[in-house]
Each structure stands twice: as structure tokens, then as C-alpha cells.
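Here are some notes for a colleague to read alongside the coordinates. They begin with a single residue and move outward from there.

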Amino acid sequence: MEKISSENRHIKTFQYLKRGMASAWLLASFIDTGFVTAKIMDIGIGPELKEAIIPAMAAEIISPFDTTRYKRYPDAPHKQPLPNIPNIPPRPGNLEANRAKAADDDFISDITVNPQIATSPAFTGKWDRIANEVFDYENYDDYIAKELKTATFFGQNLINLNDEMVQSLRKVETDLINSHGSGYKAPIANSTFRKKTGMHGWGMAIDFDVKINPYVLNENAEEQLNIELIGSYDNIAKFILGKEQSDLRKLKSGRSAFGTGSIGDVYDVLREESDAMKRYFSLMNDEAALRSFIKLEWTARHPDQEAPDFAKTKTQIKDDYEVLGGKTDTGAERPSGGKDDRPFAPASICGNGDPATGFLNLGKEFVEAMTNAGFAWGAIDISGEPGDIQHFDLRLQGRGAEIYNLLLKYK
Ligand SMILES: [Zn+2]
């Protein structure tokens, strides 16, 4: 995307964004180039313009699971393992948008959210009611206008953050600077506030480096796509690591299903599979490397088995690449047969995702600093639909937990 230089151009662009369906795509392009976090946050946009931008941001459905269990740890940092989270089916009617239609690849909401649902009085009432009960504001718009603030995070200007969010991010920054020095490079924050979308709707959620940290699994109720995806993750874990199956299958069981249940243990397992994914797809177009891998490493990891057929393996790798959203020979995404994108090919990043990048590219120290500051990590802590690698929110503590429970409670 070409560089846009003056502030006036920014403002004109955003006025144009008001006009319709192209907005999400355009905004996503800006987000993809770092434009939104790096630039619009500086320009002091007025409330009207804010309104124009916000609806272009995405639907993130909130987990339908009751979080009252977290009340046992009201403000504690979550170094300790959280209780095992059972897989409880969604309670209908609790979500802010139609579950089947709301995709959280984070930027495509106004295309996927049913406008009738979005404007129904009940929908409006729920957000107003929570703004009033938890924060004592007149309504949700009042909350947005008066409560949300701007902050910097490792040199990035972020807008529309709740104060608890500001404090928590400050903790993370201090922690990482203490442990890694003032030159520490944090990942790019792509998205914070998105109106009436889960915890993002309260300025209490943030997504990092979305292109290389996608929503890998369980994004929605579309079971067929999840089944296809897990098959490919299994293939990678089996072929490269010699595992029986992918540990992404365990995400719904929560932190305690991984090692000692620490976030570090969750991270290590996911990172190993993410690195295995990079390795797997690096073999896709390199016949010599694939032959050598089968002969040496594969055989070492599968001592009692006969080596797989070369041609079949090559075809399998290509197939898995397309299942995860990599470009097909025609340059397009393989149709997913539903409303949802494949993890590496969301419309929000213009189909630029590449499974060969792996799915976890946040540093371990970063994820640990975030969770130590009390953030829930979307990869594991958002019960019911874990797998959102890029996402962190404050549903586990303080007012974030109050809000989260009320979002589930009120229709
Ligand atoms: Zn998010």
C-alpha cells in the first residue's frame, strides 16, 4: 500500500470509510501496514469520526462460558494454573452477535454481523446497562466518550483504552523493561477498541501482530472447518515431531492440560508445534530437503515404521497448506464452504497470510509478562473458543471480570 503522508489525507480517508462495505477491507489494509496503530492514534479524532471508524472494526464474540470460577482469584496474577476448564456448549442468546456469523479474525465485523441484531433494542440495552451498572455512566456511548483514554505502549500510541487496561499495560512494559532493557521490542498492537464486540468493546482487549499470530482453531461454531484444520495440525505434529496428534486439540481443556499448567508450559508446547509448521511447509517446494528429512529425521522419530511415500507426502503437505489458508495454484484461498476464513487467509489481511510463518510468533517473555499482569491469553484462557493467539483481554480480574460475566448474563 502506498504511503499516505498528511493528516488531512487521513481524515478524508476515514470520512470515506463511512460509506460502506469496503470499509472493513480498507481499514484492515491500514491495520496491516501498521497505519492505524501508528498514525490515527495521534491525530486526535473527534467523536463523530471515531464513530465512523469503530463500526468498521470486527466482531469478536465472547466466550459463552461463565467465568465465576475466576472470582476465586480476584486480582491475583495468573502464574498459578487455572482450574481445568470443561468444554461447555454455548448458551444460546447470550452473545452480542449471531455466533455463526460473527468471525473474529478481528477486522471484518460489519460484513459479518447481522445488522438487525446489531441495532435491536435488546442489543443496545445490554451494553448501556453494563456501562451503567459497572461504571455508573448514563449509557454505553457515555462510557466511550468519558472513560476511554490514550496511552503509549513501547512507543506505540494506543487509543480508547479503559483505565485498568492502561494500568495493566504499564505493568507489562515495566516488567519487560526491567527484565530485557529499555530497547525491548514489543510486537505491534493492531487493534484495541472495537465497539460492542466482546472485551474489545470496553477497551479491555488487545491484539498483537495479527498476521502471524492468527486464530488457529475453535474460532466459531463452524465444526466442519475446525475438523479440517485439526486434521492438518495433526499431520504436522505427526510428521515433524513424531507426536500421536496435535496438542492444539487440548486447548479447550485449559492451561492445566499442558505440563505443570503454567503459561510457560502452554507456550512451549504451542511454540514447538508452530516451529514444526514452519519446518513442514519449508519442505513443500524443496524436494531435496524433503527427501533428506524423511531419510534422516523422520526415520529417527518413527523407528519402527516404514518411511512414507515421497510423492504422497509432498501432496499431503500441499493439501495441508491450502487447508490452513495458504494460496492455491490460482492464487486464491480454498473455499471454506462457510462464512469463516481459514486461519491464514482472513479477508482482513487481504489473503496475505502464509502458513509457512507458523502460528505463534509472540515472544515467550511477552506472553508471560502479559499473563503475569493479569491478562487472559486468547490462545488458552478464553474458554469455549481458545486458539486466538493474537488476543489478550482483562476478563479474569477486576471490572473486566464483572463486565465479562454481565455480557454473558444479559441478553
Ligand atoms: Zn481480539
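Leaving aside its neighbours within four places in sequence, with which residues is Glu273 in contact?

1. The model is a predicted one, and the contacts of Glu273 are read from it with that in mind. Beyond its neighbours within four places in sequence, Glu273 is in contact with Ile236, Ala237, Ser246, Asp247 and Leu248. Leu248, one of these partners, is 25 residues away from Glu273 in sequence, and the two C-alpha atoms lie 8.6 Å apart in space.

2. Glu273 belongs to helix α11, and its charged side chain should not lead one to assume an exposed position, because 23 C-beta neighbours inside 10 Å make Glu273 count as buried, the cut-off for that class being 20 or more.

3. Ile236 deserves to be read together with Glu273, since the contact between them appears from both ends. With neighbours within four places in sequence again left aside, Ile236 is in contact with Ser246, Glu273, Ala276, Met277, Tyr280 and Asp320, and Ser246 is also listed among the contacts of Glu273.

4. The largest nonpolar core has 69 residues, and those that touch the most other members are Ile236, Tyr280, Met370, Phe375, Trp377 and Phe392. Helix α11 gives the most to this core, with 8 residues.

5. Helix α11, residues 263–282, packs with helix α14, residues 364–372, at an angle of about 145°, and their axes are 10 Å apart. The crossing in which α11 passes α14 is right-handed. On the α11 side the residues that meet the partner helix are Ile263, Gly264, Tyr267 and Arg271, while α14 brings Lys364, Val367, Glu368 and Thr371. Sorted by class, this contact has 3 nonpolar, 2 polar and 3 charged residues.

6. Within α14 the buried residues are Val367, Glu368, Ala369, Met370 and Thr371, and they pack against α9 (163–180), α11, β5 and β6. Met370 is also one of the core residues that touch the most other members. Just after α14, Gly374 takes a positive phi of about 105°.

7. Which strand order does the open sheet have? Its 4 strands run in the order β3-β4-β6-β5, with antiparallel pairing. The edges are held by β3 (189–191) and β5 (376–377), each of which has a single partner strand, so that one side of each is left without a neighbour in the sheet. Strand β4, residues 205–208, pairs with strand β6, residues 391–393, in the antiparallel sense over 3 bridges, and His391 in β6 is the bridge partner of Asp207.

8. Strands β1 (residues 149–153) and β2 (residues 156–161) also pair in the antiparallel sense, here over 4 bridges, with Leu161 in β2 as the bridge partner of Lys149. The two strands form a hairpin that has 2 residues between them, and Phe154 in the turn has a positive phi of about 45°.

9. For the protein as a whole, the secondary structure comes to 15 helices and 6 strands, and buried residues make up 41% of its 411 residues. Among contacts with a separation of 6 or more, 69% are accounted for by residues 24 or more positions apart; the pair Glu273 and Leu248, at 25 residues apart in sequence, can serve as a local illustration when the coordinates are inspected.

Notes: Residues are numbered from 1 along each chain as its sequence is written. This is a predicted model: local features need pLDDT of at least 70, side-chain atom pairs count only at pLDDT 80 or more; totals for chains, interfaces and linings use all residues. Two strands pair if DSSP finds at least two bridges between them. Axes are lines fitted to C-alpha atoms, for helices over the stretch in contact, and angles run from 0 to 180 degrees between N-to-C directions. A crossing is left-handed if the near helix is turned anticlockwise from the far one by less than a right angle, and right-handed if clockwise. Two residues are in contact if their C-beta atoms, placed from the backbone, lie within 7 Å. Ala, Val, Leu, Ile, Met, Phe, Trp, Tyr, Cys and Pro count as nonpolar, Asp, Glu, Lys and Arg as charged, and the others, Gly among them, as polar. A residue is buried if 20 or more other C-beta atoms lie within 10 Å of its own, exposed if 12 or fewer, and partly exposed in between; C-beta atoms are placed from the backbone. A nonpolar core is a set of buried Ala, Val, Leu, Ile, Met, Phe, Trp, Tyr and Cys residues joined through C-beta atoms within 7 Å.
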